[in-house]
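I opened this model to look up a handful of things and note them down. The entries follow in the order in which I took them.

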Amino acid sequence: MSSPEEQPRVAEGLNTAEPVRRPRHPSWYPPMRDDGKGLRVMNSLTEGVEPFAPRVGRLVRWYMCGPTVYDVAHMGHARAYLTFDILRRIMEDYFGYQVLYQMNITDIDDKIIKRARIGSLLKWFQENVLQGRDMARLVAFTAEAETAAVAALAETRRKLSEPLPDATPSRVKAEREEKLMELALKESQLHETRERIASATASGDFEALFIAASGINGDLLDEREGQEVTEQRIFEDHARLYERLFFEDMRRLGVRDPDVVTRVTEYVPQVVDFIQRIMDNGLAYRGTTSIFFDTAAFARVGHDYPKLKPVSERGESNATEAEMAEGEGALSAGIAGEKRSANDFALWKFSKPGEPRWPSPWGEGRPGWHIECSVMASDILGTNMDVHSGGLDLKFPHHDNECAQSEACHMQHQWVNYFLHCGHLHIKGLKMSKSLKNFITIRQALDELGVTPRVMRLLFLSNHWGRSMNFSDQSIDEAKERERVLRAFFGSVDVVLRKDTWGETQGFNSHDRRLSELWSTVEDTVHCALQNNFDTPAAMDALMELVSATNQYLLSGERPSATLVQKVGRYVTRMLRVFGVAEGGDVIGFGVQQGTDDRLVTVMDALLRLRDGVRDAAKETKSTKTFLPLCDAVRDEWLVPAGIRIEDNPAGRTTWKPDDVATLQREVAERKMQQATERRTTLVNQIETKRKSTEKWRQYVCPPQQYFCMRDAEKKIYAAFDETTGLPTQLVATGAAVTEKEQKKLAKELAKYAKLHEEFVAKGGEKWLAEQERELEELTGALSRL
């Protein structure tokens with residue numbers, strides 16, 4: 001690390017006289033000014049919660065690491081972009097900062113190259129090798145691909161099973177354990193793929209087999225033929241497609257567009273100039289496969305590397321093999337000995353066959369991953385920015401390498417003042433990731449899982465932005481319940497505010513004062529929570545406490561203060577707009593006149609009076625079967641498309657509230673499904689009860705005098721029966737008379753049967769039993785029709 005005696009070169013407005021020094025981190029130079037807002041944020045540069053202030057005025061220069069557009073965005077991406085949208089909104093709409101928000105699009109990358117090549121090769125394979133639908137060739141090639149995929153995973157397991165040395169650092173051991181978990185997931189996924197392949201092969205379904213095997217077949221095709229893909233347009237078209245889909249997803253989630261979007265492909269000449277300046281400063285060198293950043297030379301001139309990844313207790317900062325591999329990309333294969341240090345990383349990669357290429361003084365190639373962000377951010381935000389954000393997985397090596405190469409180019413010691421890293425989104429214990437294929441796309445979550453953008457935002461608000469969170473049915477249900485409570489609250493507020501309350505007593509009574517005092521307390525609590533590192537879970541808990549208290553206030557039976565209810569409703573709405581939960585925060589222009597049309601109020605009030613009158617009359621005249629279903633249809637069907645929610649109150653007047661049509665339709669569908677489930681359960685129980693009853697009473701049809709004779713028809717135990725009682729008198733086997741002891745036993749059995757037969761006759765006998773069996777048949781038919 002740089003010695004404290006040196007006076008580092010930093011941007012104007014940063015405090016070099018009083019740097020912040022945290023254990024295992026280099027010095028951090030905070031802004032000199034205190035803007036008085038009291039905001040404190042978790043800064044990854046110190047791993048501490050630090051006072052926040054822009055370096056200059058109210059302007060926050062903010063760079064957000066954007067997507068690598070090689071596939072559709074998944075919920076792990078939503079975790080980052082929706083999370084930082086919430087933080088950006090709080091900065092802009094609550095604290096009043098002037099934010100310049102830049103986001104990049106990585107449209108040159110190993111993942112894009114490989115995915116675009118595979119897409120092109122699979123199309124070529126089907127059209128030219130399979131000539132449309134050659135099943136035999138497809139089966140043969142798939143078998144080769146299966147063998148290769150199995151062998152690749154087996155080799156990975158062999159390497160991961162090799163024992164680690166006794167002195168292995170704990171983080172390397174933890175990394176090994178995580179890699180083993182990831183490998184187990186990949187093995188399970190390959191097993192499922194092979195089962196689908198076997199099924200499609202057995203059925204002779206060409207399309208099913210082609211789709212099932214596309215993953216492993218694509219990998220094998222790329223390994224054999226990838227170098228033949230030379231048309232640069234293939235890579236550009238692939239990136240543009242997924243860039244457009246990404247922004248479509250972001251808009252559906254309500255994520256604000258960046259103020260500036262920069263693409264790597266539009267910055268290649270600037271990338272070359274940037275690298276040349278680093279080389280001119282003596283901090284980069286040419287290798288066989290790439291231009292590399294010289295981390296040792298960087299340290300010798302007084303800089304720190306890495307800054308974000310804490311050094312060990314022994315002062316070591318070397319990256320693990322897995323970290324360096326992640327940083328260099330899947331298509332990079334260095335040559336042993338070409339790097340001066342294991343930590344050195346590629347600034348410019350010389351293109352191999354099958355890769356896009358641009359001219360440079362060192363030969364045709366493409367930018368390294370890390371250099372892209374440094375160049376684009378420096379162009380828009382300058383040699384120093386206030387905030388840089390991204391997912392926790394980008395912390396090292398990506399963000400550390402960005403810092404190093406930017407400081408090496410600008411010859412300054414602090415490129416970023418505050419680094420913000422959001423926690424991962426976990427599913428089944430592992431980080432959601434495309435490479436692990438354990439992801440749920442944003443579109444699947446919205447369209448198939450029924451997670452609305454609002455529910456998703458409420459879910460993220462309930463989890464701290466800097467910590468990992470689980471994406472599970474339970475967490476989604478909790479967010480849905482929170483949305484339901486908020487909807488009910490706004491509907492109740494609307495009921496109060498559309499009444500003419502000026503004829504009622506004004507002022508505050510003790511009931512009003514308690515709610516007013518709580519509102520004041522909650523506003524302070526929310527403010528302190530947002531000052532404290534954007535603590536949205538605490539802020540939302542406080543808001544929900546105010547909502548709950550207001551609901552209780554309105555249900556108390558006392559006269560509500562419309563002005564106080566309006567105050568509370570406006571405050572809750574304002575905060576939800578700040579968070580992006582409530583709509584209207586980004587409307588441009590005068591907007592639509594808010595409030596409910598007076599004519600609608602008059603019509604709806606009249607309709608509810610009529611409906612309540614019909615319900616009451618139906619109950620008095622005992623005609624509920626005719627009229628109550630019609631009243632229910634008004635509530636559950638006919639007014640739903642108009643966005644009107646009707647709430648029946650057994651203890652008082654029926655009320656109505658405007659609501660979202662889609663939400664009402666979803667609730668009606670869920671209610672019908674629940675009713676159908678309950679009806680099915682009821683029918684199943686009724687059928688089982690009726691079946692047991694008919695089976696029981698069918699045993700007591702014959703008169704008691706014929707009981708033993710009927711029972712003995714198959715067994716042939718008795719040869720003769722008493723003509724009066726029907727009791728057996730003689731055995732078939734020996735011809736002997738039934739003993740007196742046996743006679744008594746049989747008499748008891750007959751008496752028991754006679755009693756139940758008498759009960760059967762009292763029920764209606766065989767005619768009643770026939771009715772029961774007909775009812776059972778009707779119930780069974782009704783169940784089959786559900």
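**Strand pairing.** I count two strands as paired if DSSP finds at least two bridges between them. Helices (H or I, at least four residues) and strands (E, at least two) are DSSP runs, numbered from the N terminus. The model is predicted, so I note the limits: local features need pLDDT of at least 70, side-chain atom pairs count only at pLDDT 80 or more, and totals for chains, interfaces and linings use all residues. Residues are numbered from 1 along each chain as its sequence is written, and side-chain values use heavy atoms, with hydrogens and water left out.

I looked up strand E8 (residues 346–350) and its neighbours. Strand E7 (residues 290–293) pairs with E8 in the antiparallel sense, over three bridges. Within that pairing I find phenylalanine 292 bridged to alanine 346 in E8. E8 also pairs with strand E9 (residues 365–367), antiparallel and over three bridges. There, tryptophan 348 has proline 367 of E9 as its bridge partner.

Is E8 buried or exposed? I use buried for under 20% relative accessible area, exposed for over 50% and partly exposed for in between (1.4 Å probe, protein chains only). Five of the five residues of E8 are buried, so the strand is largely enclosed by the rest of the structure.

**Whole chain.** I find 24 helices and 18 strands in the protein chain. Of its 786 residues, 47% count as buried. The radius of gyration is taken over C-alpha atoms, and the globule rule is 2.2 Å times the number of residues to the power 0.38. The chain has 37 Å, where a compact globule of 786 residues would have a value near 28 Å. Along the principal axes, the C-alpha atoms fill a box of roughly 125 × 85 × 55 Å.

**Cavities.** Rolling a probe the size of a water molecule over the atoms shows where empty space is left. I worked on a 1 Å grid over the protein atoms alone, where a cavity is a set of points at which a 1.4 Å probe fits but cannot get out; lining residues have an atom within 4 Å of a point. Grid points are joined across faces, edges and corners, and a volume is the space filled by probe spheres set on the points.

How many cavities of 30 Å³ or more are there? I find seven in the whole structure. The largest cavity has a volume of about 100 Å³. Its lining has 14 residues, and Tyr101, Met103, Val255, Arg256 and Pro258 lie nearest its centre. Helix H1 (75–94), strand E4 (98–105) and helix H7 (232–252) each supply at least two of the lining residues. H1 gives the largest share, four residues.

For classes, I count Ala, Val, Leu, Ile, Met, Phe, Trp, Tyr, Cys and Pro as nonpolar, Asp, Glu, Lys and Arg as charged, and the others, Gly among them, as polar. The lining of the largest cavity has 10 nonpolar, no polar and four charged residues.

**Cysteines.** I searched the whole structure for disulfides (a pair of cysteine sulfur atoms within 2.5 Å) and found zero. Cysteine 709 is in no disulfide; the nearest cysteine sulfur, that of cysteine 702, is 9.2 Å away. Cysteine 709 is partly exposed, at 43% relative accessibility. Cysteine 528 is also partly exposed, at 47%.

**Backbone.** Most residues other than glycine have a negative phi, and most peptide bonds are trans. I listed some exceptions.

- Tyrosine 305 and proline 306 are joined by a cis peptide bond, with omega about -5°. Proline 306 sits in the loop between helix H9 (295–300) and helix H10 (321–328).
- Phenylalanine 396 and proline 397 are joined by a cis peptide bond, with omega about 10°. Proline 397 is in helix H12 (residues 395–410).
- Arginine 24 is not a glycine, yet has a positive phi of about 70°. Arginine 24 is in the segment before strand E1 (40–43) and is partly exposed at 39% relative accessibility.
- Glutamate 47 has a positive phi near 55°. Glutamate 47 lies in the loop between E1 and strand E2 (48–51) and is partly exposed at 42%.

**A distant pair in sequence.** I looked up arginine 691, which is in helix H21 (residues 661–697). Arginine 691 is partly exposed, at 28% relative accessibility. Its C-alpha atom is 6.8 Å from that of leucine 776, and the two residues are 85 apart along the chain.

Technical notes
1 Å grid on protein atoms, 1.4 Å probe; cavity = no way out; pocket = protein on both sides within 12 Å on 5 of 7 lines; lining within 4 Å.
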